[in-house]
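Work through these exercises with the structure open beside you. Try each task before you read its solution.

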Amino acid sequence: MLSPLFSLDQFRAQLAETPGVDAQAETAAAERNGQLTKPPGSLGRLEDLAIWYSSWRGNPRPTISAPQVIIFAGNHGVVAQGVSAFPGEVTAQMVGNFQNGGAAINQLSKLAGARLDVHSLDLDRPTKDFTKDAAMSEEELLAALQTGWNAVDPQADLLVVGEMGIGNTTPAAALACALFGGEAADWTGRGTGVDDAGLAIKTRVVAEGVALHDDHITDGIEALRRLGGREIAAMAGAMVAARMLRIPVILDGFICCAAAACLMKTHPDALDHAVAGHQSAEAAHAALLKELGKPPFLSLDLRLGEGSGAALAIQIVRGAIACHSGMATFAEAGVADG
Ligand SMILES: O=C(O)c1ccc[n+]([C@@H]2O[C@H](COP(=O)([O-])O)[C@@H](O)[C@H]2O)c1
Ligand SMILES: Cc1cc2nc[nH]c2cc1C
């Protein structure tokens with residue numbers, strides 16, 4: 001069990017002191033990879049993926065038997081300005097759908113053999129409209145980080161963090177703009193499908209929010225408090241908890257990656273235990289993945305959220321580890337190694 005967070009500064013300090021890879025396991029996994037019955041490099045990125053996974057698990061020949069998918073749900077004050085194609089009530093309605101097994105992520109988690117957990121964060125209390133005030137107080141941000149921190153199963157061996165939050169592509173765009181620069185329009189996309197008028201409102205809202213808070217943003221955590229949202233913060237908290245527990249993470253779409261960006265901008269190594277599951281169809285996700293330095297595994301034009309693209313990518317990590325840990329070596333198989 002991880003001890004609870006007691007302040008934002010402690011969370012920042014924790015980020016600076018997170019564990020790194022097990023170098024011995026990394027070397028042993030790389031050696032094993034070189035002995036398996038395949039031409040060197042022929043499993044492409046699956047080979048790097050297997051070595052990466054082994055090094056975080058501290059085991060040169062690991063298995064994956066307990067993946068966990070966690071969805072965090074939150075509501076956003078900026079929705080009142082007309083930034084989404086859907087009304088805010090849909091967040092709570094979709095949480096009901098997740099609980100009843102009716103959403104895409106229920107099917108994809110089941111297919112991946114993953115446990116699925118859903119956490120609602122004060123849905124009846126949307127964050128403040130960030131064009132007028134900071135989205136969250138320090139206490140609210142800490143509580144949301146703590147929800148994510150507590151949600152990670154210490155027994156899990158692979159983690160997907162996903163979200164549900166009508167309007168949350170707007171705070172995600174504002175975070176990306178504040179953290180990486182450029183114009184609001186560079187980071188603002190259509191989310192659930194806003195029309196041109198909605199996109200214009202959304203772009204203005206992102207620009208106003210960034211202009212209001214920019215001078216006060218000292219690091220990614222303060223950006224998260226001013227421009228983020230509860231489910232975005234909870235995803236960040238879960239990512240850091242996973243790091244403490246040496247559980248590799250698969251990142252999902254645009255909103256998940258905005259949460260990750262807040263951590264990376266606070267500490268540059270904070271995401272070394274994470275890979276990008278997919279590239280979403282949200283216009284700026286490709287640019288955000290580039291900023292994170294994470295090439296995606298899949299590119300299927302998904303723009304659903306819910307951890308859906310990352311849940312599909314569980315199978316890719318499983319494939320990499322099945323080959324890495326299950327294949328015979330040249331010596332074992334009696335195959336000449338060239
Ligand atoms: O994951 C993505 O890249 C993604 C892209 C577009 C939309 N979404 C989902 O749609 C919701 C946010 O869209 P919006 O238009 O309400 O800001 C939220 O519930 C997300 O899970 C997710
Ligand atoms: C129906 C619906 C399902 C979702 N799942 C994630 N975001 C969503 C947004 C909507 C609108």
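**Exercise 1. Which residues come nearest to ligand 1, and which elements help to form its shell?**

Step 1. This is a predicted model. Start with the 24 residues around ligand 1. Ser84, Gly191, Gly253, Ser280 and Gly305 come nearest.

Step 2. Look for elements that supply at least two residues of the shell. Strand E3 (158–164), helix H7 (169–180) and helix H12 (254–266) each do so.

Step 3. Sort the shell by class. Seven residues are nonpolar, twelve are polar and five are charged.

**Exercise 2. List the residues around ligand 2 and sort them by class.**

Step 1. Find the residues. They are Phe86, Val90, Met94, Met164, Thr192, Leu304, Gly305 and Glu306.

Step 2. Count the classes. The shell around ligand 2 has five nonpolar residues, two polar ones and one charged one.

Step 3. Take Glu306 from that list. Glu306 sits in the loop between strand E6 (296–298) and helix H14. Its phi is positive, about 60 degrees, although Glu306 is not a glycine.

**Exercise 3. Is Glu306 buried or exposed? Then place Asp122 on the scale of burial.**

Step 1. Use the cut-off: a residue with 20 or more other C-beta atoms within 10 Å is buried, and one with 12 or fewer is exposed.

Step 2. Glu306 has 28 other C-beta atoms within 10 Å, so Glu306 is buried.

Step 3. Asp122 has 15 other C-beta atoms within 10 Å, so Asp122 is partly exposed.

Step 4. Check the backbone of Asp122. Its phi is near 45 degrees, a positive value in a residue other than glycine. Asp122 belongs to the loop between strand E2 (115–120) and helix H6.

**Exercise 4. At what angle do helices H3 and H14 cross, and which residues make the contact?**

Step 1. Recall the general description. Two packed helices are described by the angle between their axes and the distance between the axes.

Step 2. Apply the description. The axes of H3 (residues 45–57) and H14 (residues 308–326) come within 8 Å and cross at roughly 85 degrees.

Step 3. Name the arrangement. Angles of 65 to 115 degrees count as roughly perpendicular, so H3 and H14 are roughly perpendicular to each other.

Step 4. List the contact residues. H3 brings Leu46, Leu49, Ala50 and Tyr53. H14 brings Val317, Gly319, Ala320, Ile321, Cys323 and His324. By class, eight residues are nonpolar, two are polar and none is charged.

Step 5. Follow one residue, Leu46 of helix H3. Beyond its neighbours within four places in sequence, Leu46 is in contact with Gly319, Ala320 and Cys323. Leu46 is partly exposed, with 19 other C-beta atoms within 10 Å.

**Exercise 5. How many of the residues of helix H10 are buried, and what do they pack against?**

Step 1. Count along H10 (residues 220–227). Eight of its eight residues are buried, so H10 is largely enclosed by the rest of the structure.

Step 2. Find the partners. The buried residues of H10 pack against helices H1 (8–16), H6 (138–151), H7, H9 (196–213), H11 (230–244) and H12.

**Exercise 6. What radius of gyration does the protein have, and what would a compact globule have?**

Step 1. A compact globule with 338 residues would have a radius of gyration near 20 Å.

Step 2. The protein has 20 Å, so the values agree.

Step 3. Add the whole-protein counts. The protein has 15 helices and six strands. Of its 338 residues, 52% count as buried.

Terms used:
Residues are numbered from 1 along each chain as its sequence is written. Chains are lettered from A and ligands numbered from 1 in the order in which they are written. This is a predicted model: local features need pLDDT of at least 70, side-chain atom pairs count only at pLDDT 80 or more; totals for chains, interfaces and linings use all residues. Axes are lines fitted to C-alpha atoms, for helices over the stretch in contact, and angles run from 0 to 180 degrees between N-to-C directions. Helices (H or I, at least four residues) and strands (E, at least two) are DSSP runs, numbered from the N terminus. Angles under 35 degrees count as roughly parallel, over 145 as roughly antiparallel, 65 to 115 as roughly perpendicular and the rest as oblique. Two residues are in contact if their C-beta atoms, placed from the backbone, lie within 7 Å. Ala, Val, Leu, Ile, Met, Phe, Trp, Tyr, Cys and Pro count as nonpolar, Asp, Glu, Lys and Arg as charged, and the others, Gly among them, as polar. A residue is near a molecule or strand if its C-beta atom, placed from the backbone, lies within 6 Å of it. The radius of gyration is taken over C-alpha atoms; the globule rule is 2.2 Å times the number of residues to the power 0.38.
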